[in-house]
Amino acid sequence: MAIVAVFQSPTLTQSTYEESVRQLSGGRSRMEKPADWPVKGLLVHVAGHGPNGFRVVDVWESEEAFQRFGEKLMPIMKAIGIEGEPEVYPLHTVVSA
C-alpha cells in the first residue's frame with residue numbers, strides 16, 4: 001500500500017534540505033526524477049516553504065520502500081542536525097496532471 005510521508009521540523013530549513021540532497025545524490029544540487037533517489041519506490045516528492053517553515057512531502061509505493069530510504073536518509077539528517085520524525089499515513093488519493 002502506498003504511503004504519504006510529511007516532514008516538518010524547526011531544524012529543517014531550505015539550507016539543510018539542500019545539504020541532504022547533495023549528500024543523498026553524491027554531490028548534485030537537485031534530484032529531479034525518481035531514478036535519482038538512492039532507492040526505488042518514490043512516486044512523488046515535493047519540498048517548499050509552508051506557513052510554518054520548510055516542509056517535505058513524499059509519496060512512496062510502500063512503507064517498505066520508505067523504510068529503505070530512511071536507512072539512507074536518517075544518518076545524513078542526524079549528521080547535519082535535522083531532528084524529528086515524519087508523519088506517515090496510508091495514501092488514499094493522488095491526482096496528477
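**Exercise 1. Strand β4 and the residue after it**

Task: Determine which residues Y89 touches, leaving out those up to four places away in sequence, in this predicted model.

Solution.
Step 1. Not counting residues up to four places away along the sequence, Y89 touches I3, V4 and V6.
Step 2. Y89 itself is found in strand β4, which covers residues 87-90.
Step 3. The relative accessible area of Y89 is 34%. Buried requires a value under 20% and exposed a value over 50%, so Y89 is partly exposed.
Step 4. A distance to another part of the chain completes the description: between the C-alpha atoms of Y89 and P38, 51 residues apart in sequence, there are 22 Å.

**Exercise 2. The segment after β4**

Task: State where L91 is placed and which residues L91 touches beyond four places in sequence.

Solution.
Step 1. L91 belongs to the segment after β4.
Step 2. With residues up to four places away set aside, L91 touches A2, I3, V4 and V59.
Step 3. I3 and V4 are among the residues touched by L91, and they are also among those touched by Y89.
Step 4. L91 has a relative accessible area of 24% and is therefore partly exposed.
Step 5. The C-alpha atoms of L91 and E61 lie 9.3 Å apart, although 30 residues separate the two in sequence.

**Exercise 3. A residue in a loop**

Task: Decide whether I82 is buried or exposed, and list its contacts beyond four places in sequence.

Solution.
Step 1. I82 has its place in the loop between α2 and β4.
Step 2. Its relative accessibility is 7%, so I82 counts as buried.
Step 3. Outside its neighbours within four places in sequence, I82 is in contact with F7, T11, L12, T16 and M77.
Step 4. I82 and T13 are 69 residues apart in sequence, and their C-alpha atoms are 8.6 Å apart.

**Exercise 4. The largest nonpolar core**

Task: Identify the residues that touch the most other members of the largest nonpolar core, and the element that gives the most residues to this core.

Solution.
Step 1. The core has 21 residues, of which L12, Y17, L24, W37, W60 and F69 touch the most other members.
Step 2. Two or more residues each come from β1 (3-8), α1 (14-24), β3 (53-60) and α2 (63-80).
Step 3. The most is given by α2, with six residues.
Step 4. L12 serves as an example: apart from neighbours within four places in sequence, L12 is in contact with F7, Y17, F54, V56 and I82.

**Exercise 5. The two helices**

Task: Describe how α1 and α2 pack and which residues meet between them.

Solution.
Step 1. The axes of α1 and α2 are 10 Å apart and form an angle of about 130°.
Step 2. This angle lies neither in the range of 65 to 115 degrees nor over 145, so the helices are oblique to each other.
Step 3. Their crossing is right-handed.
Step 4. From α1, the residues T16, E19, S20, Q23 and L24 meet F69, K72, L73, I76 and I80 of α2.
Step 5. Sorted by class, this contact contains five nonpolar, three polar and two charged residues.

**Exercise 6. A glycine in α2**

Task: Establish whether G70 is buried or exposed.

Solution.
Step 1. G70 lies in helix α2.
Step 2. The relative accessible area of G70 is 18%; the limit for buried is under 20%, so G70 is buried.
Step 3. G70 and V39 are 31 residues apart along the chain, with 9.6 Å between their C-alpha atoms.

Terms used. Residues are numbered from 1 along each chain as its sequence is written. This is a predicted model: local features need pLDDT of at least 70, side-chain atom pairs count only at pLDDT 80 or more; totals for chains, interfaces and linings use all residues. Side-chain values use heavy atoms; hydrogens and water are left out. A nonpolar core is a set of buried Ala, Val, Leu, Ile, Met, Phe, Trp, Tyr and Cys residues joined through side-chain atoms within 4.5 Å. Buried means under 20% relative accessible area, exposed over 50%, partly exposed in between (1.4 Å probe, protein chains only). Helices (H or I, at least four residues) and strands (E, at least two) are DSSP runs, numbered from the N terminus. Contact means heavy atoms within 4.5 Å. Axes are lines fitted to C-alpha atoms, for helices over the stretch in contact, and angles run from 0 to 180 degrees between N-to-C directions. Angles under 35 degrees count as roughly parallel, over 145 as roughly antiparallel, 65 to 115 as roughly perpendicular and the rest as oblique. A crossing is left-handed if the near helix is turned anticlockwise from the far one by less than a right angle, and right-handed if clockwise. Ala, Val, Leu, Ile, Met, Phe, Trp, Tyr, Cys and Pro count as nonpolar, Asp, Glu, Lys and Arg as charged, and the others, Gly among them, as polar.
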